[in-house]
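I opened this entry to look up two things. Where are the pockets, and what touches the DNA?

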Number of protein chains: 2
Amino acid sequence: MESPSRAHRRRKEARPAELIAAALKLFVEHGFAATRLDDVASAAGVTKGTLYLYFDSKETLFRAVIEQNILPLIARAEDSVAHHDGTAAELLRGLLLDWWSLVGETEAGGVLKLMVTEARNFPDVAVYYNEAVVERAKRLVSQVLDLGIARGEFRRVDHEMAFHAIFSPAMMLIIWRYSIGACCGQNIDPAHFMDFSFDLTLNGLKT
Amino acid sequence: MESPSRAHRRRKEARPAELIAAALKLFVEHGFAATRLDDVASAAGVTKGTLYLYFDSKETLFRAVIEQNILPLIARAEDSVAHHDGTAAELLRGLLLDWWSLVGETEAGGVLKLMVTEARNFPDVAVYYNEAVVERAKRLVSQVLDLGIARGEFRRVDHEMAFHAIFSPAMMLIIWRYSIGACCGQNIDPAHFMDFSFDLTLNGLKT
DNA sequence: GACAATTAACTGACCGGTTAGTTAGTATCT
DNA sequence: AGATACTAACTAACCGGTCAGTTAATTGTC
């Protein structure tokens, strides 16, 4: 027996991350209000008292969950911009697939669903998310569209509209997976759907 | 005093609908768990005790909210099928715009967001919703796609994929409006966006 | 290397505010 | 007057947040 007795070892460094991971999972599953801190703590292998050593309140924990899970996303997005080679179409596909492998296929994808469900209860967090993620992505897509139009690949389109149209399928896929899809077995094959919907959109964008 | 007595008139017939409307609004805004029944009741102009005359529990009220708001939707969808005239493209556009004016532009649109946020807490309701709304819509779109393919208008496409691709923008628009969009002023012009995204998709579908 | 003395991560019982659900009583209708 | 739509005061349970106490690690002393 290596460590049943050591169930509660002292691991100050690891706790916050573990608590945040547990909180993300449960917040996404049940929503913020319906999630008990006792459950978050025990999912992270500690008790509620310990949770309060690291976070001031349930709300603070929520903010930490959002922040921790979008910070890497922001960082990664930035260097993805610079290296543009190939056609605008290829760049756009790369952008979308990068975003997918970063958001869609990781636990972090739940943050999107969480923001959608809790935006009205935490408007300031929603504004922060909008600026840190959505607006940034919008600017990225806008650049690619400009490039595509300049190269004669794309039609002149409303950038705002195009952005939403391009990301809608991927966002829908994520939200679906964490909500109704989780209850009704029939899940869409993500890779297949991403390919399909991107082709559809690209055809629409082409001159 | 003009009508403090009016405040509690006896209106057995009107109460359930009023309570359901108030509940929908608050459930969509704050989520199921974070909504107080006292608030639902007072939004409907009664007190909590009255609410319990018409609904057994908070959960029963939730189910009623979903059911009442998708029943008309189902009914309307059915007769929209039969009258197919014109091209498949026109039919598809009609289907989507009908759905939009029925779901997107009414209070009932909130049901979609509500189902997304609460699906995991009410899996059986989610399954019901999926069968009563999603699967039904899927079959409708499938018929139109078959028609379009038979007429040589559309490419041979995976119906499941195409369905999700077609409805993604509209669903995203609704979910957006009731969540992050509600916190960050910048709302998309629905009519414009629906036109834009449908054109994009249609281009992709065409032979 | 053993054995305090000290520090700090962690626990779990507890408190108080909140809210789903109940019920005794009031107002309105026929 | 009898029936019933409705109210408001009430209860019980639940859960966010606290804190006195426990236990694991570290340091210091011989």
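I count a polar contact as a pair of N or O atoms within 3.5 Å; within protein, one must be able to donate a hydrogen and the other to accept it, and residues adjacent in sequence count only if both atoms are side-chain atoms. This is a predicted model, where local features need pLDDT of at least 70, side-chain atom pairs count only at pLDDT 80 or more, and totals for chains, interfaces and linings use all residues. Residues are numbered from 1 along each chain as its sequence is written, chains are lettered from A and ligands numbered from 1 in the order in which they are written, and side-chain values use heavy atoms, with hydrogens and water left out.

**DNA strand C**

I looked up phosphate contacts. A backbone N or O atom of B:Thr35 lies 3.3 Å from a phosphate oxygen of DNA strand C. For A:Arg11, a backbone N or O atom is 2.8 Å from a phosphate oxygen of the strand. A:Tyr54 uses a polar side-chain atom, 2.5 Å from a phosphate oxygen. Two elements give two or more residues to the surface near the strand: helix H3 (48-54) of chain A and helix H4 (48-54) of chain B. I take helices (H or I, at least four residues) and strands (E, at least two) as DSSP runs, numbered from the N terminus. H3(A) gives the most, with 4 residues.

I call a residue near if one of its heavy atoms lies within 4 Å of the strand. There are 22 residues around DNA strand C, and A:Arg15, A:Thr50, A:Tyr54, B:Lys48 and B:Tyr52 come nearest. Sugar and phosphate make up 67% of the strand atoms that come within 4 Å of the protein.

**Pockets**

I used a 1 Å grid over the protein atoms alone: a pocket is an open set of points where a 1.4 Å probe fits, with protein on both sides within 12 Å along at least five of seven lines, and lining residues have an atom within 4 Å of a point. Points are joined across faces, edges and corners, and a volume is the space filled by probe spheres set on them.

The largest pocket holds about 390 Å³. Its lining has 24 residues, with B:Leu73, B:Ala77, B:Trp99, B:Ala137 and B:Phe167 nearest the centre. H8(B) supplies the largest share, 8 residues.

The second largest pocket has about 260 Å³. It is lined by 16 residues; A:Leu73, A:Ala77, A:Trp99, A:Leu102 and A:Leu140 are closest to its centre. Helices H4 (58-82), H5 (88-104) and H7 (123-150) of chain A each supply at least two lining residues.
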